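Thanks for making time this morning. I would like to walk through one model with you, slowly, and keep to what can be read from its coordinates.

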Amino acid sequence: MKKILSLSLLLSLFATFHSQEIVPLWGEQIPNQKPTQEKENSTEKTILWIENVQKPTLEVYLPSKKIATGKAVVICPGGGYRGLAYDGEGTDIAKWFNSKGIAAFVLKYRLPVSKSLIIPNEAPLQDAKQAIRIVRNNAKKWNIAENQIGIMGFSAGGHLASTLGTHFDSEDKLPKSEIESISARPDFMILVYPVITMNSAFGHQGSRENLLGLHPSQDLVNYYSNELHVNSKTPPTFLVHSSDDQTVPVRNSIVFYEALQKEKVGVEIHIFPKGGHGFGLGIGKGHLENWTDNLYQWILSLK
């Protein structure tokens, strides 16, 4: 009974948080995109699922100033690079962050299966880099510290987040803008059952095909296998996975953890024996509920 009451209280608390603003990532001319007849579409059954993103955005969730910590997280929902699990791995997470005094920004990024994209594999990273720059550029307005802005991703969103964390200084290939000189490096990363590698031996085949196509070159596979690109500048990282994940093998998190340790980058990993894939906040899932407590303590420990 006590657990049911606490769960109800938590859900009612989340319901009190609403987004304050939806910010477009780009102006009228969206880079790496051409006009088509494609339309964004969404369905809502057990989750809000979005496909064919044409106008990428940041949905802004800010905590009350009374409890604000100055920390912020850009959230990349998962969906195999085919769609976005926008609430369970996006807005629900943002509301949880707000309850802890942390600003959150849900990234609706373009998906490489879209026919509107010129170079499909480059669009998600372009959007993630722009998102960090926008948040950092508006830090004073949103009451956050410029050096406490992290990136978070679930599943394929975790691949995008780790791509940003390992390729933040890659060539932009973007039109000149007034915020291009702002660093796109996240100050920390949170990766939840992430796709890390494009290695066919233990990567997620659907994410690989959607991002790189059916027959990618080995150079492209290596470029997006993020365990190969960790260095001393890679941000400190928090990893969560379950051993029985049949969709994205836990080895993805393990090889990234090992790469971070090799480069002496701060890393914390939590591997649960059971939980499968797509557990989100883990509410009502027994031992999995603890992962967010561990995350909160880890974020507070960051300087």
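I will begin with one strand and its neighbours, then turn to the helix that follows, and finish with a separate sheet.

Please keep in mind throughout that this is a predicted model.

Let me start with strand β8, which covers residues 149-154. Is this strand enclosed or left open by the rest of the structure? Since 6 of the 6 residues of β8 are buried, the strand is largely enclosed by the rest of the structure. If you look at its two faces, Ile-149, Ile-151 and Gly-153 lie on one side, while Gly-150, Met-152 and Phe-154 lie on the other, and both sides are covered. That division follows a familiar rule, because in a regular strand the side chains alternate between the two faces of the sheet.

Within β8 I would like to pause at Gly-150, which is buried, with a relative accessible area of 0%. Which residues does Gly-150 touch, once its neighbours within four places in sequence are left aside? Its contacts are Ala-72, Val-73, Val-74, Ile-132, Pro-186, Asp-187 and Phe-188. Along the chain, Gly-150 and Ile-75 are 75 residues apart, yet their C-alpha atoms are separated by 8.7 Å.

Some of those contacts make sense once the pairing of the strands is laid out. Strand β5, residues 72-76, runs parallel to β8 and is joined to it by 5 bridges, with Ile-75 standing opposite Met-152. Strand β9, residues 188-192, also pairs with β8 in the parallel sense, over 5 bridges, and here Phe-154 stands opposite Val-192. To get from β8 to β9 the chain passes through helix α4, and this β-α-β crossover is right-handed.

Helix α4 itself, residues 156-167, allows a simple check on geometry: at 1.5 Å a residue its 12 residues should span 16 Å, and the end C-alpha atoms are indeed 16 Å apart, so the two values agree. How many of the residues of α4 are buried? The count is 12 of the 12, so this helix is largely enclosed by the rest of the structure; among the buried residues are His-159, Leu-160, Leu-164 and His-167.

Continuing outward from β9, we come to strand β10, residues 237-242, which runs parallel to β9 and is joined to it by 4 bridges, Leu-191 having Leu-239 as its bridge partner. Here again 6 of the 6 residues are buried, so β10 is largely enclosed by the rest of the structure. Thr-237, Leu-239 and His-241 point one way, and Phe-238, Val-240 and Ser-242 the other way, all of them buried. On to strand β11, residues 267-272, which runs parallel to β10 with 6 bridges between the two; Thr-237 has Val-267 as its bridge partner there. The chain makes this passage from β10 to β11 through helix α7, residues 251-262, in a β-α-β crossover that is right-handed.

Finally, let me turn to the other sheet. It is an open sheet of 3 strands in the order β2-β3-β6, with antiparallel pairing. Because β2 (41-44) and β6 (84-85) each have a single partner strand, they stand at the edges, and one side of each is left without a neighbour in the sheet. Strand β3, residues 48-51, pairs with β6 over 2 bridges, and Ile-50 stands opposite Leu-84.

Methods
Residues are numbered from 1 along each chain as its sequence is written. This is a predicted model: local features need pLDDT of at least 70, side-chain atom pairs count only at pLDDT 80 or more; totals for chains, interfaces and linings use all residues. Side-chain values use heavy atoms; hydrogens and water are left out. The expected span of a helix is 1.5 Å times one less than its number of residues. Buried means under 20% relative accessible area, exposed over 50%, partly exposed in between (1.4 Å probe, protein chains only). Two strands pair if DSSP finds at least two bridges between them. Contact means heavy atoms within 4.5 Å. A crossover is right-handed if, with the strands pointing away from the viewer, the path from the first strand over the helix to the second runs clockwise.
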